[in-house]
Amino acid sequence: MSSFASCGNLTLAACETGESFAWPFTLHGQKVSYPVPMPFSDQVHIRRVSCGQSFGFFLSTQGCVYAVGKDNQDG
């Protein structure tokens, strides 16, 4: 993995291939404790990740920053 971050209940990872993962994650209303691929398009390659208690950031190789938060409300 090229980047890894963990804080509170959130863990993020970015692989050398540009793929990124988050866990735990709520998928179809169920909390899962295994890495879930983040739904970026094939053109977006994530290089670095960072996170806080209930939010996360993804930095792409193109220089774009993507943010996520708990229920998309916090962050």
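A disulfide is a pair of cysteine sulfur atoms within 2.5 Å. Keep that cut-off handy for the views below, which all come from a predicted model.

**View 1. Cys15 and its closest cysteine partner, Cys51.** Let's start with the sulfur of Cys15. The closest cysteine sulfur sits in Cys51, and the gap is 15 Å. Because a disulfide needs the two sulfurs within 2.5 Å, that is too far for a bond. As for its surroundings, Cys15 counts as buried, with a relative accessibility of 17%.

**View 2. Cys64, looking for a partner.** Which cysteine has the sulfur closest to that of Cys64? The answer is Cys15, but the two sulfurs are 20 Å apart, so this pair is too far for a bond as well. Cys64 is partly exposed, at 37% relative accessible area, whereas Cys15 is buried. How many disulfides does the structure hold? Zero.

**View 3. A nonpolar patch on the surface.** Three residues make up this one: Phe55, Phe57 and Val65. Taken together, they offer about 260 Å² of accessible area. Zoom in on one of them, Phe55, and you'll find that the residue is partly exposed, with a relative accessible area of 32%.

**View 4. Phe55 in its strand, with Asn9 across from a distant stretch of sequence.** Where does Phe55 belong? Its place is in strand 8, which covers residues 55–60. Now bring Asn9 into the picture: along the chain, Asn9 and Phe55 are 46 residues apart. In space, their C-alpha atoms are separated by 9.7 Å.

How values were computed:
Residues numbered from 1 in each chain as written. Predicted model: local features only at pLDDT ≥ 70, side-chain atom pairs only at ≥ 80, totals over all residues. Heavy atoms only, no water. Patch = residues over 30% accessible without salt bridge, like charges linked within 9 Å, V, L, I, M, F, W, Y side chains within 5 Å. Areas by Shrake-Rupley, 256 points an atom, 1.4 Å probe, with all protein chains shown as cover. Salt bridge = Lys/Arg side-chain N within 4 Å of Asp/Glu carboxyl O. Helix = DSSP H or I, 4+ residues; strand = E, 2+ residues; numbered from the N terminus. Buried < 20%, exposed > 50% of the residue type's maximum accessible area, 1.4 Å probe, protein only.
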